Amino acid sequence: MTDTRRRVKLYALNADRQWDDRGTGHVSSSYIERLKGISLLVKAESDGTLLLESKIQPDTAYQKQQDTLIVWSEGDNFDLALSFQEKAGCDEIWEKICQVQGKDPSVEITQDIVEESEDERFDEMSDSAPPIELPACELSRLEDISELINNCLSSPMRKEKLAAAIEAEGYIRKLINVFHMCEDLENTEGLHHLYDIFKNIFLLNKNALFEVMFCDELIFDVVGCLEYDSSCPSRKKHRDYLRQQVKFREAIPIKNPELLSKIHQTFRVQYIQDVVLPTPSVFEENMLSTLGSFIFFNKVEIVSMVQEDEKFLTELFTILTDASTSDSKRRDLIMFLKELCNYSQNLQPHAKEMIYKTLTTLGILPALEVTLAIDDQKTKTASIDILTYIVEFSPSVVREYTLQQANNTDEDQMLLNIIIEQMINDTDPEVGGAVQLMGVLRILLDPENMLTSANKSEKTDFLNFFYKHSVQILIAPLLENTINDTPQKEDYRSVQLLGLILELLSFCVEHHTYHIKNCILNKDLLRKILVLMKSTHKFLVLCALRFMRKLIALKDEFYNRYIIKGQLFAPVIDAFVKNNGRYNLLDSAIIEMFEFIKLEDIKTLCSHVVENYGKYLEDICYVQTFKSLKSRYDQHQDKLKDRERNSLERGLEIVPSILRNSRYRRDQRQMEEEEEIWFNEDDDFEDSESDLQSTNDILKKKIDTDLDSIGKMMEKKQEANGAKINNNSSSPKTTVLNNNANANATVQQPTSPTANENKSALFKRGLVDYEGGDSDEEDEESGEVSKRPRLS
């Protein structure tokens, strides 16, 4: 197998400052005699040709980026990069480069990091390299300016000096003035140069420059400069979009001018990052990190200012929960809250907790009960987003609110049931909202995030609430769609919804215990779900099969008996037979389920499948699963027969041992030995705790069978003995009843009672082990005529 650690893509920077893909291959480092040193070699993956042979020079600056990139310059205008498939390979080559140059592999740039302090380093940089002198900001010098900025990007030190020079000279404002001149003169060449200049100024990655460019006075002009891309035949109309098409909606008038300005700025900068700037290559992404930070801190500031303005949020929720508020107004309010929650995702955990606590206190959850049910798609989508944000951050808040509704709210008005109803009634053909709400329900029903709650009874209380008030709403579409043992609706939206419900129920089976078990057994839910095995949509068939597989995986005898009693393997076998051996996911999934039964040795299911469906499966030879299942079944049956035979033999041995003692009393120690043998022999049959019940049933049957066998055997022996006694009444004779090696005793046959009476008395007394006093004395005192035979 090819070592993917050393698999790389080789890139070279072209004259247009774009990275060209030179091919994919495998990199190595070795000594090259011709180059007189350790070199990097890249051989093509396709034909093994040499893509790169580069000597590791002791003074070349190699830069490691993003854990999988190594970038360096070969000469003044030839930049190369290796993009590794795996981090481990990148680390190996980087260590080799650092070893040759005598550097610590922990550095990211081999030639720029020195052992001095930051101040000393920059002092030395200043001494070794003079400040950059910017050309005069004139129309005729735009090409020179563009070339200068472009050349500085390859060196971190030159980038620093260039940024300092631009800031010190107020160069951005001068460039904007030239931009106005170019637009007025319709100077296309100059506008193209300005596009390149401002694009590269963004790559300088300096917050001080962003502050200047994004001020209200200049931001639209900066956007204008980025409209004239030389690779596009016509100007892009970003300013027209921002000024005319974008409409700022104030759900409530914002009286804080600083907040208002910050909201406008953040939207425009986000638009520049997402739309206006060309998509950065993998090598340029880290060069725009400061732009991302600028947006991040703006959002943090906005959330903080909104949260601090108590009157603003109070007024917002008052209008939102007012019944007389129009739907359009309510839509604007909920959209504002969605953006607020979206911005809060950038906050630190403590600050995020504070904003969600504020929203909860002001009544966000009761408001969502109203907005989720509104027949307006934008309002509903925004409400689902807000609910998702809250639940992902703190599901316990929603659970606590839901439990408070248990005794004072109608079921159809409970938040949890509203969520389920909206999921079921999602009108989107792709059921996008239903998928999102199913994720919300899954988080709420996950016991894992209930464990750390301060309320120790949260898990029990919430699951009791769900299975009492809500689960019937969740499974209602499933029950409706499976009446008459046939799928009723086969349209895409309906089957997608059923798939989501089955996925959620499968999650409940895996993570809940007796709650979901009671639901499945009481409502015969598995039978209804397996009706969907007849669906024409294979993914729904697989969802139903997955649900059954989850039940079997639990190895719970309650579920196993339920499956056996209801013959619930029938729909699965039917689907398997109809699939006719096609090599697809359904075939593999069914085989895997039976393979699991075999490997886990679930005896009850194994026996049921072989006995009831063996004729359908015995001819399947392309896998060994069913033959192995039959072999496992035969082994079980052989064990049962051996145990029956052993039990019968032990029963035959028990009877003469009863007669060893003249008083027909079994020795207590002998009984304990036999019981120990009995249970020791059973140990190999009891493979797991889940088989305990079935083993007890088998033992009970066998004891009954053994007792019957003993009774019949004694009847036959007594009849034979009785006949001998009657035929030889004149000459008493001794008969050997026990030829056991341990007790070769003979019994003197009495001449009084009849054979039947003697047999009955012997059988009754022989099977009782008296713990009390002397049996003979009791019999003599009671005046019993017949006497027990004594050992001679």
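**View 1. D229 sits in the loop between helices α8 and α9 of this predicted model**. The two helices that frame this loop are α8, residues 219–225, and α9, residues 238–245. Start with the charge: D229 is buried, yet it has no salt bridge. Its nearest side chain of opposite charge belongs to K236, 4.6 Å away. A salt bridge would need a separation within 4 Å, so this pair does not count as one. What D229 does have is a polar contact of 3.5 Å, side chain to side chain, with Y195. If you set aside the neighbours within four places in sequence, D229 is in contact with H192 as well as Y195.

**View 2. Seven strands line up in an open, antiparallel sheet**. Reading across the sheet, the order is β4-β3-β2-β1-β7-β6-β5. Its edges are β4 (50–55) and β5 (63–65), each of which pairs on one side only. From one strand to the next, the twist averages 30°. As a reminder, strands in a sheet pair through backbone hydrogen bonds, in either a parallel or an antiparallel manner.

**View 3. Strands β1 and β2 pair in the antiparallel sense**. Here residues 7–13 (β1) meet residues 19–32 (β2), and seven bridges connect them. To find your bearings, look for R7, which stands opposite H26 of β2.

**View 4. Strands β3 and β4 make a hairpin**. The two strands run antiparallel and are joined by five bridges. L40 can serve as a landmark, standing opposite S54 in β4. Between the strands lie five residues, and in this turn G48 has a positive phi of about 80°.

**View 5. Helix α1 lies across five strands: β2, β3, β5, β6 and β7**. The helix spans residues 87–101. Among the strands that α1 lies across are β3 (37–44), β6 (69–73) and β7 (79–84). Relative to β6, helix α1 runs at about 35°.

**View 6. S607 is a buried residue of helix α29**. The helix covers residues 603–617. Why is S607 classed as buried? Its relative accessible area is 15%, and buried means under 20%, so S607 falls in that class. Beyond its neighbours within four places in sequence, S607 is in contact with Y633, H636 and Q637.

Key. Residues numbered from 1 in each chain as written. Predicted model: local features only at pLDDT ≥ 70, side-chain atom pairs only at ≥ 80, totals over all residues. Heavy atoms only, no water. Helix = DSSP H or I, 4+ residues; strand = E, 2+ residues; numbered from the N terminus. Buried < 20%, exposed > 50% of the residue type's maximum accessible area, 1.4 Å probe, protein only. Lys, Arg positive; Asp, Glu negative; His and termini not counted. Polar contact = N/O pair within 3.5 Å; in protein donor to acceptor, adjacent residues only side chain to side chain. Contact = heavy atoms within 4.5 Å. Pairing = 2+ DSSP bridges. Axes fitted to C-alpha atoms, helices over the stretch in contact; angles between N-to-C directions.
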